[in-house]
Amino acid sequence: MEKKQARKAALATRATLAKYQINKMSDAVAERFLKEFGDFDSYLLYSSFKSEVETHSLIKYLYGMKKTVYLPVVSGDELKLGSYKGEASLSSGAFGIQEPVECTDFKHIDIAVVPGVAFDRALHRIGYGKGYYDRLLGAVRFGIIAGFAFECQLFDSFDHEPHDIPVDVLVTENDIYRRNS
């Protein structure tokens with residue numbers, strides 16, 4: 001399947017989900033994620049919007065557990081990172097997404113959690129098409145790269161390009177998929 005077709009199909013399917021379904025499935029994703037990856041010290045998460053797997057509760061929870069939480073900040077054509085220091089540290093950024101007011105330097109991040117419009121069984125991801133996360137993942141080394149998605153966003157396969165960075169694990173409401181396992 002072509003990337004464009006997979007993106008269109010996944011977005012159309014995700015758009016049919018009711019808010020209560022998104023919340024219920026997002027809670028299951030977060031619970032599964034915390035059970036497997038909740039002992040790390042530092043996390044890169046994304047500030048969810050629209051019908052993405054909801055992350056705001058997870059961000060607050062990890063911050064409350066004294067974990068270091070980073071969120072992306074759109075700066076031109078790239079993503080920089082800022083520290084989450086509570087809701088007061090955020091403002092509406094590019095595309096109306098909540099992001100830290102200030103960017104931060106960092107040495108190491110244990111696990112990066114990225115959104116995706118679609119994923120395949122080999123854990124390639126398709127985003128919205130701007131390449132922000134592919135550039136970030138190609139430039140920064142993370143301990144583990146995880147994707148969050150709903151099962152309806154998972155395809156058997158689709159076309160991918162050399163610059164498309166696959167995730168190491170994909171967490172859905174039903175399972176954790178691992179690359180090369």
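Find Y70 first: in this predicted model, Y70 stands opposite S83, a residue of strand β3. That pairing belongs to a longer match, since β2 and β3 (residues 78-83) run antiparallel and are joined by six bridges. The two strands form a hairpin with two residues between them. Look at G76 in that hairpin, and you'll see a positive phi near 65 degrees.

Now stay with Y70 and turn to its other partner. Which residue is the bridge partner of L44 in β2? It's Y70 again. This match ties β1 to β2 (residues 68-75), and here the two strands run parallel, with three bridges between them. So what do β1, α3 and β2 make when you take them as a set? They make a β-α-β unit, and a right-handed one.

Follow the chain from β1 (42-44) towards α3 (56-64) and you'll pass through a loop that holds K50. Is K50 buried or exposed? With a relative accessibility of 71%, K50 counts as exposed, because the cut-off for that label is over 50%. K50 also has a story to tell about folding back on the sequence: K19 is 31 residues away along the chain, yet the C-alpha atoms of K50 and K19 are 9.6 Å apart in space.

Next stop, helix α4 (residues 132-139). Its buried residues are Y132, Y133, D134, L136 and L137. What covers them? The cover includes the strands you've already met, β1, β2 and β3, along with β6 (111-115), β8 and β9 (144-148).

Let's pick β9 out of that list. Four of its five residues are buried, so β9 is largely enclosed by the rest of the structure. It has a parallel partner in β6, with five bridges between the two, and it also runs parallel to β11, joined by three bridges. One residue lets you see both pairings: G147 in β9 stands opposite V114, and G147 also stands opposite L170 in β11.

β8, another strand in the cover of α4, takes you to a sheet of its own. This open sheet has three strands in the order β8-β7-β10, and the pairing in it is mixed. Its edges are β8 (125-126) and β10 (154-155), each of which pairs on one side only. Between β7 (residues 118-120) and β8 there are two bridges, and these strands run antiparallel. If you want one pair to look for, A118 has I126 in β8 as its bridge partner.

Last, go to the loop between β11 (169-171) and β12 (176-178), where you'll find E173. Here's a charged side chain to puzzle over: E173 is buried, but it has no salt bridge. Why not? The nearest side chain of opposite charge belongs to R32, 7.7 Å away, and a salt bridge needs a nitrogen and a carboxyl oxygen within 4 Å, so this pair doesn't qualify. What does the side chain of E173 reach instead? It reaches the backbone nitrogen of E151, at 3.0 Å. Once you set aside neighbours within four places in sequence, E173 is in contact with M25, A28, V29, R32, A149, F150 and E151. Notice that R32 is in that contact list, even though R32 makes no salt bridge with E173.

Conventions: Residues numbered from 1 in each chain as written. Predicted model: local features only at pLDDT ≥ 70, side-chain atom pairs only at ≥ 80, totals over all residues. Heavy atoms only, no water. Buried < 20%, exposed > 50% of the residue type's maximum accessible area, 1.4 Å probe, protein only. Pairing = 2+ DSSP bridges. Right-handed = clockwise from strand over helix to strand, strands pointing away. Lys, Arg positive; Asp, Glu negative; His and termini not counted. Polar contact = N/O pair within 3.5 Å; in protein donor to acceptor, adjacent residues only side chain to side chain. Contact = heavy atoms within 4.5 Å.
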